[in-house]
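Thanks for coming, everyone. Let me put the structure up, and then I'll walk you through it.

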Amino acid sequence: MTLKIKTMFKTVAIIAAVGLIAVSCKKEQAGTEELLTANGKRSSNISALSSTCDTSSYKVLGRGGYSRTRVGFDTVYVDLNTPDQDSLSTFTDVNAWFTSSSNSFISTPGTLKYLLAPGKAICDLTLSDYSAATTASIVGMNTGGGTPNGWYNYVAPNGPTPIPNFYVFINDGVNTYAIQLVAFTDAISWGSGVNLQNKANTVIRYRKL
């Protein structure tokens, strides 16, 4: 009788231990699943973030000049890598300069290209787009109508208006930059008639390819 009772207690203890192990395993599995789910969510967020890219916004400080003749505007020399600018003279590592009306025209001592890429954001651009782009000496106000050769249109009464999905590329021999015109800010004018003068700041967004 005593042997039977002892055997019964051992059996109950074994069943309880198995049950405890099963519960423990279930909890551990659930914890692992939660961790995997959390990691999955985190990975999803990382993927979402990596679909964007690092870009720089930059304001080129415009200089005043005569609107009708586009005379008097200083050249603003810019180093996109720093970035830095100087309106008086060129300096080491300059790879872009802004001239003409309100310094809204862009040029470079390197290679300048442009591309209208409907549906493409600046983060989608690659060196293949640079290769396919049209070479130019300077890019400013569009004179090509529906086939743009400039990065803004003059639209009355709002004035200069950036063309969506129009990009300028600059290769300075080391880096290739994709540049997008964002806006003109702080526009002011003075005088009248042939003496009408104006200036504005040119805001760009750009990235290295």
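**Confidence before anything else**

The protein chain averages a pLDDT of 80, and 76% of the residues score at least 70. Keep in mind that this is a predicted model.

Where should we hold back? Look at residues 1–51, where pLDDT stays under 50. For that stretch the model has zero contacts beyond four places in sequence. Where pLDDT is low, the predicted coordinates should not be read in detail. I'll leave that stretch there and move on.

**The open sheet**

Find the sheet with the strand order S4-S3-S5-S6. That is four strands, an open sheet, with antiparallel pairing. Which strands stand at the edges? They are S4, residues 84–86, and S6, residues 105–107. Each has a single partner strand, so one side of each has no neighbour in the sheet. On average, neighbouring strands here are turned by 25° against each other, direction ignored.

Now the middle of the order. S3 covers residues 76–79 and S5 covers residues 96–99. Three bridges join them, and they run antiparallel. If you want a pair to click on, take Val-76, whose bridge partner in S5 is Phe-98.

Two loops here deserve a look. One is the loop between S3 and S4, where Pro-83 lies. The bond joining Thr-82 and Pro-83 is a cis peptide bond, with omega about -15°. The other is the loop between S5 and S6, which holds Ser-100. Phi of Ser-100 is positive, near 65°, and this residue is not a glycine.

**From S7 onwards**

Next, S7, residues 111–116. S7 pairs with S8, residues 134–136, through three bridges, and the two run antiparallel. Tyr-114 has Thr-134 as its bridge partner in S8. S7 also pairs with S11, this time over six bridges, again antiparallel. There, Leu-115 stands opposite Tyr-167.

A quick reminder while we trace these. Strands of a sheet pair through backbone hydrogen bonds, either parallel or antiparallel.

Follow S11 on, residues 166–171. Four bridges join S11 to S12, running antiparallel. Phe-169 stands opposite Ala-178 in S12. S11 and S12 make a hairpin with four residues between the strands. In that hairpin, Gly-173 takes a positive phi near 95°.

Then comes the next hairpin. How many bridges pair S12 with S13? There are 11, in the antiparallel sense. One pair to look for is Gln-180, standing opposite Arg-205 in S13. Six residues lie between S12 and S13, and Gly-191 in the turn has a positive phi of about 80°.

**The hairpin of S9 and S10**

Step back along the chain to S9, residues 152–155, and S10, residues 159–162. They run antiparallel and are joined by four bridges. Val-155 stands opposite Gly-159 in S10. The hairpin they form has three residues between the strands.

Pro-157 lies in that loop, between S9 and S10. The peptide bond from Ala-156 to Pro-157 is cis, with omega near 0°.

**The largest pocket**

Last stop. The largest pocket has a volume of about 470 Å³. How many residues line the largest pocket? The count is 18. Nearest its centre are Ser-101, Ser-102, Tyr-154, Pro-160 and Asn-198.

Which elements give two or more residues to the lining? They are S9, S10, S12, residues 176–190, and S13, residues 197–208. S12 gives the most, with four residues.

What about chemistry? By class, eight lining residues are nonpolar, eight are polar and two are charged.

**To wrap up**

Three things to take back to the bench. Leave residues 1–51 out of any detailed reading, with pLDDT under 50 there. Remember the two cis bonds, one from Thr-82 to Pro-83, the other from Ala-156 to Pro-157. And when you turn to the largest pocket, start with S12, which gives the most residues to its lining.

Note on methods:
Residues are numbered from 1 along each chain as its sequence is written. This is a predicted model: local features need pLDDT of at least 70, side-chain atom pairs count only at pLDDT 80 or more; totals for chains, interfaces and linings use all residues. Side-chain values use heavy atoms; hydrogens and water are left out. Two strands pair if DSSP finds at least two bridges between them. Axes are lines fitted to C-alpha atoms, for helices over the stretch in contact, and angles run from 0 to 180 degrees between N-to-C directions. pLDDT is the predictor's confidence in each residue, from 0 to 100. Contact means heavy atoms within 4.5 Å. On a 1 Å grid over the protein atoms alone, a cavity is a set of points where a 1.4 Å probe fits but cannot get out, and a pocket is an open set with protein on both sides within 12 Å along at least five of seven lines; lining residues have an atom within 4 Å of a point. Grid points are joined across faces, edges and corners, and a volume is the space filled by probe spheres set on the points. Ala, Val, Leu, Ile, Met, Phe, Trp, Tyr, Cys and Pro count as nonpolar, Asp, Glu, Lys and Arg as charged, and the others, Gly among them, as polar.
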